[in-house]
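Subject: Structure for you to look at

Hello,

The sequence and structure are below. My notes on what turned up follow them.

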Amino acid sequence: MACASSLMVEDNFLCSICLDVFNQPVAIPCGHTFCRGCITFHWDTNKPLFLCPLCNKEYLKIPDLCVNTVLANAAEKVKKTIQERPHDIPEKAGSGHVLCGMCTGGKLKATKSCLTCFMSYCDAHLEPHQRLLPLRKHKLINPVEDLVSRICKEHGEPLELFCKVDSMFLCRVCVDSDHKSHKTVSVEEEAEMRKDELGKEKKDMDQMIQTHQQKLLEIQHSVEASGNNAEKALAYSKHVMTALVDYIRRSQVELSEVIQTKKKKTEEDGKASLKISFLSPSLLHRLLCDPDLKKMQFHAVNLTLDPDTANPSLIVSEDGKEVKCGDRKRNVPDKPERFDHVLNVLAKESFNSGKFYFEVQVRGKTQWDLGVTNQSINRKGDMRLSPKSGYWTIWLRKGNEFTANAGPAINLHVREIPQKVGVFVDYGEGQVSFYDVDARARIFSFTGCNFTESLFPYFGPCGNDGGKNSAPLIISPVCNNF
């Protein structure tokens, strides 16, 4: 392994695009250096924007690129040093690898861990497990640091199986006692299946991005082919294209962050069990994330539910952050502001200008209503949810029927029902937008609204549906530091 000073020297010769030692290094006017091929390809795929990948400085045209021969020669020497570096040199603690527990002094990287010996071995010290019959019966796995987490806490046996019904890891005794009728597979089989799912999701994502980029190129070529149009129209088209390309680029960055966040969370959750990287089978909700969601979250407001507006069958928590349907009606005063027929409640806070944003957890529910409403709506009797009646809402029914109540209703097609919904209102622009917070994707927007009175956040937890919909709606604190 290279020493620390050697690693620092090598880092100075790495291209920030390909993360490899420079190949034909060129410097651009802002002072940053890249491989000639890397920066050329970057600009070719991001036309008509010519930005520095590090500082985002924009150039009106591609600058002249000249290879820095001194830096190129130095980079070649670094490459040669790396190629000549000897292998199988002892690792150090903290290197990110699992180390052999038998090595003395400098420890080599482990290639297997034994669940019977509770020890990790390099190739040399693993040899007895491959030669001696008693040791060949031991359970060997890919190297892991925390071997204790791979043992059943109840029975002390290795966690070798995965229950498809309960989604949990089992030892052989667990299967014989509590999971006899359940479908179980080996840990290795489950891991391979999950990796295949992840690969398919990535392939689908790459295909969608490639298709979208191809469409952008076709549009761009179409704009360029219409060069005989009026100068004003052409300038406007280029402005629109620049904005669109920038939006797509930022959306892809957001999508990448969503995937990495889910992957990191899954890996952390799996550390306590088997350290297998699982991802949800439905990784992508939509083609693009909305890169502007973070800006909208800066308009977050602190809401509290108003119990004086809550239907008698609803139960509002003491802190005013949760609401659910109870088993029977409460004995409460019949105030003018209280909903007496539909299972709704409003927030105490109202807004008649500016922008505001809030998030609501809907996890575990099969039915719910969310949105904003005019102050003057009728609170008594039945009602029809539509902008004409003073409601800008979406709802979920039967666990999978997702609708925007636009009058007439619009069916919303998503790959996965959101677990947390964000609501953004721009009073001045007449806009109400709904977002899947976890996917950072826009679900639906009401636009061109003519607001003339105060707006109240609106919540409808719906009935319990025999216990299937008993989970509460929860006003969640907004976190925008993704």
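I start with a turn: in the hairpin of β17 and β18, which has 4 residues between the strands, G430 takes a positive phi near 65 degrees. Strands here are DSSP runs (E, at least two residues), numbered from the N terminus.

This is a predicted model, in which local features need pLDDT of at least 70 and side-chain atom pairs count only at pLDDT 80 or more, while totals for chains, interfaces and linings use all residues. Residues are numbered from 1 along each chain as its sequence is written, and side-chain values use heavy atoms, with hydrogens and water left out.

The sheet

The hairpin strands belong to an open sheet of 7 strands, with antiparallel pairing, in the order β9-β10-β21-β12-β17-β18-β19. Two strands count as paired if DSSP finds at least two bridges between them. β9 (314-316) and β19 (441-446) each have a single partner strand and stand at the edges, so one side of each is left without a neighbour in the sheet. On average, neighbouring strands of this sheet are turned by 20 degrees against each other, direction ignored; the axes are lines fitted to C-alpha atoms.

Around β17

Strand β17 (residues 420-426) has 7 of its 7 residues buried, meaning under 20% relative accessible area with a 1.4 Å probe and protein chains only. From β17, K420, G422, F424 and D426 point one way, and V421, V423 and V425 the other. In a regular strand the side chains alternate between the two faces of the sheet.

β17 pairs antiparallel with β12 over 7 bridges, and with β18 (residues 431-436) over 6 bridges. F424 is the bridge partner of Y357, and in β18 the bridge partner of F424 is S433. β12 (residues 355-361) is also joined by 3 bridges to β21 (residues 473-476), again antiparallel; there E359 stands opposite S476.

Cavities

There are 2 cavities of 30 Å³ or more. A cavity is a set of points on a 1 Å grid over the protein atoms alone where a 1.4 Å probe fits but cannot get out, and lining residues have an atom within 4 Å of a point. The second largest holds about 30 Å³ of space, the volume being that filled by probe spheres set on the points. Its lining consists of L115, K139, I141, R150, L159, E160, V187 and E188. By class that gives 4 nonpolar, no polar and 4 charged residues, with Val, Leu and Ile among those counted as nonpolar and Glu, Lys and Arg among the charged.

Regards

Technical notes
Axes fitted to C-alpha atoms, helices over the stretch in contact; angles between N-to-C directions. 1 Å grid on protein atoms, 1.4 Å probe; cavity = no way out; pocket = protein on both sides within 12 Å on 5 of 7 lines; lining within 4 Å. Buried < 20%, exposed > 50% of the residue type's maximum accessible area, 1.4 Å probe, protein only.
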